[in-house]
Amino acid sequence: MDIVLWILAGLLAVAFLGSGGMKLARSKEELAASGMGWTEGFGQGTIRLIGVLEVLAAVGLVLPALTGVAPVLVPLAATGLVLVMVGAIVTHARRGETPMIVVNVVLLVLAAIVAWGRFGPYAFTS
């Protein structure tokens, strides 16, 4: 199970590093043109904040465990991603974007599994 949690954390880290990086690197208009229509309902600052949260969570899913420094940040980062995905689900539901809700639910479940495992029976020990 430890290997499964590492794989899930790695996959989530890659996904959110890419997603968050894109939100930080592109303008609101560029994001909307690339298919992220939800950005129309948010200011540039909020979009950048979401990007920062996603990048920090991506780093927090892997780096603390690799370095052995504050590994409790791994399940905290996963929990943060669960909350981000709840917000994403609400946003997409309001816009009627069902396919995106499915993606968000999958990411939420994967993050919840990592949080459960790393807070619980497969926690990193010091």
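# Salt bridges, rings and a core

Reader: Let's start with Glu54. Buried or exposed?
Author: Glu54 is buried, with a relative accessible area of 4%. Keep in mind that this is a predicted model.

Reader: Which side chain does Glu54 meet in a salt bridge?
Author: Lys23. The N to O distance is 3.0 Å.

Reader: Where do the two sit in the chain?
Author: Lys23 is in helix α1 and Glu54 is in helix α3. They are 31 residues apart, so the bridge links distant parts of the chain.

Reader: And Lys23, why does it count as buried?
Author: Its relative accessibility is 5%. Buried means under 20%, so Lys23 qualifies.

Reader: How many salt bridges are there?
Author: The count comes to 3.

Reader: What does Arg118 pair with?
Author: Asp2. Their side chains meet at 2.7 Å, N to O. This pair also spans the chain: Arg118 is in helix α5, Asp2 is in helix α1, and their positions lie 116 residues apart.

Reader: Which of those two is buried, and which is partly exposed?
Author: Arg118 is buried, at 5% relative accessible area. Asp2 is partly exposed, at 35%.

Reader: What about Glu97? Which partner does it have?
Author: Arg95, with an N to O distance of 2.8 Å in the salt bridge. Glu97 counts as buried at 17% relative accessibility, while Arg95 is partly exposed at 39%.

Reader: New topic. How many aromatic pairs?
Author: There are 3 aromatic pairs. One of them joins Trp6 and Phe124 edge-to-face. The ring centres are 5.8 Å apart and the planes make an angle of 65°.

Reader: Where are Trp6 and Phe124 in the chain?
Author: Trp6 is in helix α1, residues 2–25. Phe124 is in the segment after α5, which covers 98–119. They are 118 residues apart, and the pair links distant parts of the chain.

Reader: Are those two buried, exposed or partly exposed?
Author: Both fall in between. Trp6 is partly exposed at 28%, and Phe124 is partly exposed at 26%.

Reader: And Trp38 with Phe42, why is that pair edge-to-face?
Author: Their planes stand at 70°. Over 60 degrees counts as edge-to-face, so the pair gets that label. The ring centres are 5.6 Å apart.

Reader: Which of those rings is buried?
Author: Trp38 is buried, at 11% relative accessible area. Phe42 counts as partly exposed, at 25%.

Reader: Now the inside. How many residues does the largest nonpolar core have?
Author: It has 22. Those with the most contacts inside it are Leu12, Phe16, Leu61, Leu81, Met85 and Val114.

Reader: Which helices supply it?
Author: α1, α3 (44–67), α4 (73–95) and α5 each supply at least two residues. α4 gives the most, with 8 residues.

Reader: Why would nonpolar residues gather like that?
Author: In soluble globular proteins, nonpolar side chains tend to be buried together.

Reader: What does Leu61 touch?
Author: Leaving out residues up to four places away in sequence, Leu61 touches Ala9, Leu12, Ala13, Val74, Ala77, Ala78, Leu81 and Val114.

Reader: Ala77 is in that list. Where does it sit?
Author: Ala77 is in helix α4. It counts as buried, at 10% relative accessibility. Beyond its neighbours up to four places away, Ala77 touches Ala57, Gly60 and Leu61.

Reader: How far is Ala77 from Ala15?
Author: Their C-alpha atoms are separated by 14 Å. Along the chain the two are 62 residues apart.

Reader: Now a loop. Where is Thr39?
Author: Thr39 lies in the loop between α2 (28–33) and α3. It is buried, with a relative accessible area of 0%.

Reader: Which residues is Thr39 in contact with?
Author: Lys28, Leu31, Ala32 and Ile47, leaving aside neighbours within four places in sequence.

Reader: Last one, the surface. Which residues make the nonpolar patch?
Author: Met1, Val4, Trp116 and Tyr122 make a nonpolar surface patch of about 390 Å². Met1 lies in the segment before α1. At 42% relative accessibility, Met1 counts as partly exposed.

Conventions: Residues are numbered from 1 along each chain as its sequence is written. This is a predicted model: local features need pLDDT of at least 70, side-chain atom pairs count only at pLDDT 80 or more; totals for chains, interfaces and linings use all residues. Side-chain values use heavy atoms; hydrogens and water are left out. Rings of Phe, Tyr and Trp (its six-membered ring) pair if their centres lie within 6.5 Å; planes under 30 degrees apart count as stacked, over 60 as edge-to-face and the rest as tilted. Helices (H or I, at least four residues) and strands (E, at least two) are DSSP runs, numbered from the N terminus. Buried means under 20% relative accessible area, exposed over 50%, partly exposed in between (1.4 Å probe, protein chains only). A nonpolar core is a set of buried Ala, Val, Leu, Ile, Met, Phe, Trp, Tyr and Cys residues joined through side-chain atoms within 4.5 Å. Contact means heavy atoms within 4.5 Å. Patches are made of residues with over 30% relative accessible area and no salt bridge: like charges are joined within 9 Å, nonpolar side chains (Val, Leu, Ile, Met, Phe, Trp, Tyr) within 5 Å. Accessible areas come from the Shrake-Rupley method with a 1.4 Å probe; for residues, only the protein chains shown count as cover. A salt bridge is a side-chain nitrogen of Lys or Arg within 4 Å of a carboxyl oxygen of Asp or Glu.
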